[in-house]
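Q: Please take a close look at the strands, ligand surroundings and empty spaces here. I would like one connected account rather than a list.

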Amino acid sequence: GASIRLDNLTKRYPDSQAPAVEDVTLDVAAGETVILVGPSGCGKSTTLKMINRLIEPTSGRITIGGEDVTGINPVALRRTIGYAIQATGLFPHMTVAENIALVPKMAGWPRAKVRDRVEEMLELVGLDPGEFRGRYPRRLSGGQQQRVGVARALAADPPVLLMDEPFGAVDPITRERLQDQLIRLQRELRKTIVFVTHDFDEAIKVGDRIAVLRDRSQIAQFDTPEAILAS
Ligand code: ADP
Ligand code: ADP
């Protein structure tokens, strides 16, 4: 993983009175899973999207792996950062394998290496490659689609993973299974993960540290699950 640092990050959307995110400063250590938890509308997604520069900050600084990335071309971040979201964003006209292969291909990986990587990623998220590589997204359950979304985010082996309610669209049992799987994966991969959820139980379960956010992403608490439960 690579460390992430946010310094005084602020986002003011055009035509809105209050900033969506105001003066947020946050440190994520390399290999750590940090959860941003808070009510709907408190600015979690906006904060996350500023890290991969899907949204441009109004002010402040983003540092990844010690490098100031606030002003660089966001395209250069695609290999550093994997992004998994609730609406998985899988391309419906592409098979599971083609979806997973997308970023490695864009990164110029040789064909054989991409093919091996797709198989490896499917195994990693617990989907049998023989059964799933050729399927189209609409032929998958919600949980399977979310697993493919995670596989795709990991495919180019980025040191950083941003996850926005990645298990939001599935039933509670599948959700628990996906959470367990992420915890197991993370033991092996040690990616630097920033994970957004409004579900406090999920935060406690998967986080190394948890940032409890209020309005405008103001950090009310930033601590380990144990310390937060004890407070
Ligand atoms: P969360 O992820 O915690 O639900 P968001 O980051 O999506 O919160 O939104 C934070 C605030 O910014 C909300 O008040 C929301 O209405 C506002 N907001 C989000 N996206 C936009 C946008 N594109 N334009 C204007 N306001 C927005
Ligand atoms: P998971 O918990 O892994 O998301 P589900 O319990 O939702 O899986 O689905 C169980 C089985 O049903 C899976 O093996 C999957 O292949 C199959 N299945 C679910 N939805 C569909 C679908 N829309 N098309 C084809 N097979 C499906």
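A: Two strands count as paired if DSSP finds at least two bridges between them. With that criterion, this predicted model has an open sheet of four strands, in the order β2-β1-β4-β5, with antiparallel pairing. The edge positions are taken by β2 (21-28) and β5 (67-68); each has a single partner strand, so one side of each is left without a neighbour in the sheet. The pairing of β4 (residues 59-64) with β5 rests on two bridges, and these strands run antiparallel. One residue pair can be named there: Thr-63 has Asp-68 of β5 as its bridge partner. In general, strands of a sheet are joined by backbone hydrogen bonds and may run parallel or antiparallel.

The ligands come next. The shell of ligand 1 includes an unbroken run in the numbering, from Pro-39 through Ser-40, Gly-41, Cys-42, Gly-43, Lys-44 and Ser-45 to Thr-46. Tyr-13 and Ala-20 complete that shell. By class, the residues around ligand 1 are four nonpolar, five polar and one charged. Three of these residues have polar atoms at a stated distance from the ligand. The side chain of Tyr-13 places an N or O atom 3.3 Å from a nitrogen atom of ligand 1. At Ser-45 a backbone N or O atom takes part, 2.8 Å from an oxygen atom of the ligand. Thr-46 uses its side chain, with an N or O atom 2.5 Å from an oxygen atom of ligand 1. Ligand 1 exposes 560 Å² when taken alone, and the protein buries 54% of that area.

Ligand 2 has a shell with six charged residues, four polar ones and one nonpolar. The charged members are Glu-131, Arg-135, Arg-138, Arg-139, Arg-147 and Arg-177. The other residues around ligand 2 are Leu-140, Ser-141, Gly-143, Gln-144 and Thr-174. Two helices, α5 and α6, each supply at least two residues of this shell, and α5 gives the most, with three. As for polar atoms, a backbone N or O atom of Arg-139 lies 3.1 Å from a nitrogen atom of ligand 2. Arg-147 reaches an oxygen atom of the ligand through its side chain, at 2.7 Å from an N or O atom there. A polar side-chain atom of Thr-174 lies 3.5 Å from an oxygen atom of ligand 2. On its own, ligand 2 has 550 Å² of accessible area, of which the protein covers 54%.

Arg-147 leads on to the enclosed space, as this residue also lines the largest cavity. The structure holds three cavities of 30 Å³ or more, and the largest has about 70 Å³ of space. Its lining also contains Val-125, Gln-146, Val-150, Phe-167, Leu-178, Gln-181, Leu-182 and Leu-185. The class count for this lining is six nonpolar, two polar and one charged. Both α5 (142-154) and α6 (172-189) supply at least two of the lining residues; α6 gives the most, namely four.

Two open pockets remain. The largest pocket has a volume of about 540 Å³ and a lining of 20 residues. Nearest its centre are Asn-52, Arg-78, Ile-81, Tyr-83 and Val-103. Two or more lining residues come from each of β6 (81-85), α2 (96-106) and α5. The largest share, four residues, belongs to β6. The lining of the largest pocket divides into 13 nonpolar, four polar and three charged residues.

The second largest pocket has a volume of about 250 Å³. Among its lining residues are Ala-97, Glu-98, Ala-101 and Lys-105, along with Trp-109, Pro-110, Arg-111, Val-114, Arg-115, Val-118, Glu-119 and Arg-133. The elements that give two or more of these residues are α2 and α3 (111-124), with α3 providing the largest share, five residues. This lining has no polar residues by class; it has six nonpolar and six charged ones.

Read by element, α2 contributes to the linings of the largest pocket and the second largest pocket. Helix α5 takes part in the lining of the largest pocket, in that of the largest cavity and in the shell around ligand 2.

Technical notes: Residues are numbered from 1 along each chain as its sequence is written. Chains are lettered from A and ligands numbered from 1 in the order in which they are written. This is a predicted model: local features need pLDDT of at least 70, side-chain atom pairs count only at pLDDT 80 or more; totals for chains, interfaces and linings use all residues. Side-chain values use heavy atoms; hydrogens and water are left out. On a 1 Å grid over the protein atoms alone, a cavity is a set of points where a 1.4 Å probe fits but cannot get out, and a pocket is an open set with protein on both sides within 12 Å along at least five of seven lines; lining residues have an atom within 4 Å of a point. Grid points are joined across faces, edges and corners, and a volume is the space filled by probe spheres set on the points. Ala, Val, Leu, Ile, Met, Phe, Trp, Tyr, Cys and Pro count as nonpolar, Asp, Glu, Lys and Arg as charged, and the others, Gly among them, as polar. A residue is near a molecule or strand if one of its heavy atoms lies within 4 Å of it. A polar contact is a pair of N or O atoms within 3.5 Å; within protein, one must be able to donate a hydrogen and the other to accept it, and residues adjacent in sequence count only if both atoms are side-chain atoms. Accessible areas come from the Shrake-Rupley method with a 1.4 Å probe; for residues, only the protein chains shown count as cover.
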